[in-house]
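Trainee: Before we discuss this chain, could you show me its sequence and model, so that we can go through the fold, the helix packing and the cysteines in turn?

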Amino acid sequence: SLMPETLFNIARYLTHALVGVVPETDCPGVSKVNIMYTLARQGKTVEAYKLARHAYEKLQGLILPRKLQEIIDFGSITIRCKPFHDREDLMPVCYRCNTTNPLLNNHGNECLNCKHPFVYSFVSFEVLPLVEFVTDSDISDEEAMLLLKMETVVDTESVQHKEYLGRDAQTLVLDGQDTEGSKDLFMDR
């Protein structure tokens, strides 16, 4: 049994993966109705009300078996009493340009702003914090791997700082801007 948020993310992933695809010919056995119904039900459960409302509207435009139609009609009515927004922490964030993206994107599994593709975990179907980068043409693959494996050395000698611990305050002074002994303009009234 999967958690509601995982089912919701799986339905989102499949919805994006099937953009521009005819499931009957390209993906036999995949039902867009089942995907939309899962998106609607689990969207309501995880408080993605705007997306759930959109999924119910799509489902109401289809000719379905009577039993399923009644369930969808009831879900469509009950979703109307919920807020018209999705929970913010569900929104996917592009780790390349830091843009918050909508839960459904007409272009598929990519950022709306920079078009960087989202990479999903196939355990929870959440977006992984991965960013593709390209090395300069004059750097070989072997040299790039060596550079990635190198440890970063921070030169602590070049940064001059002093730390003062007082009874009421802790002060950090950088690059010789020593203010010890000088008057505090805010305290001098």
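Trainee: Among contacts between residues at least 6 apart in sequence, what percentage joins residues at least 24 apart?

Mentor: Bear in mind that this is a predicted model. Along the sequence the elements follow the pattern α-α-α-α-α-α-β-β, which amounts to 6 helices and 2 strands. For contacts between residues at least 6 apart in sequence, the portion that joins residues at least 24 apart is 45%.

Trainee: How do helix α3 and helix α4 pack, and how many nonpolar residues does their contact have?

Mentor: Helix α3, residues 32–45, and helix α4, residues 49–60, pack at an angle of about 145°, with their axes 8 Å apart, and α3 passes α4 in a left-handed crossing. The contact draws on residues including Val33, Met36 and Leu39 of α3 and Leu51, Ala55 and Leu59 of α4. By class, this contact of α3 with α4 has 1 polar and 3 charged residues, while the number of nonpolar residues is 11.

Trainee: Why is there no bond between the sulfur of Cys94 and the closest cysteine sulfur, and how many disulfides does the whole structure have?

Mentor: A disulfide requires cysteine sulfur atoms within 2.5 Å, and because the sulfur of Cys94 is 3.6 Å from that of Cys114, its closest cysteine sulfur, the pair is too far for a bond. Likewise, the sulfur of Cys111 is 3.6 Å from its closest cysteine sulfur, in Cys97, and this too is too far for a bond. Cys94 is buried, with a relative accessible area of 1%, and Cys111 is buried at 0%. A search of the whole structure gives a number of disulfides equal to 0.

Terms used
Residues are numbered from 1 along each chain as its sequence is written. This is a predicted model: local features need pLDDT of at least 70, side-chain atom pairs count only at pLDDT 80 or more; totals for chains, interfaces and linings use all residues. Side-chain values use heavy atoms; hydrogens and water are left out. Helices (H or I, at least four residues) and strands (E, at least two) are DSSP runs, numbered from the N terminus. Contact means heavy atoms within 4.5 Å. Axes are lines fitted to C-alpha atoms, for helices over the stretch in contact, and angles run from 0 to 180 degrees between N-to-C directions. A crossing is left-handed if the near helix is turned anticlockwise from the far one by less than a right angle, and right-handed if clockwise. Ala, Val, Leu, Ile, Met, Phe, Trp, Tyr, Cys and Pro count as nonpolar, Asp, Glu, Lys and Arg as charged, and the others, Gly among them, as polar. Buried means under 20% relative accessible area, exposed over 50%, partly exposed in between (1.4 Å probe, protein chains only).
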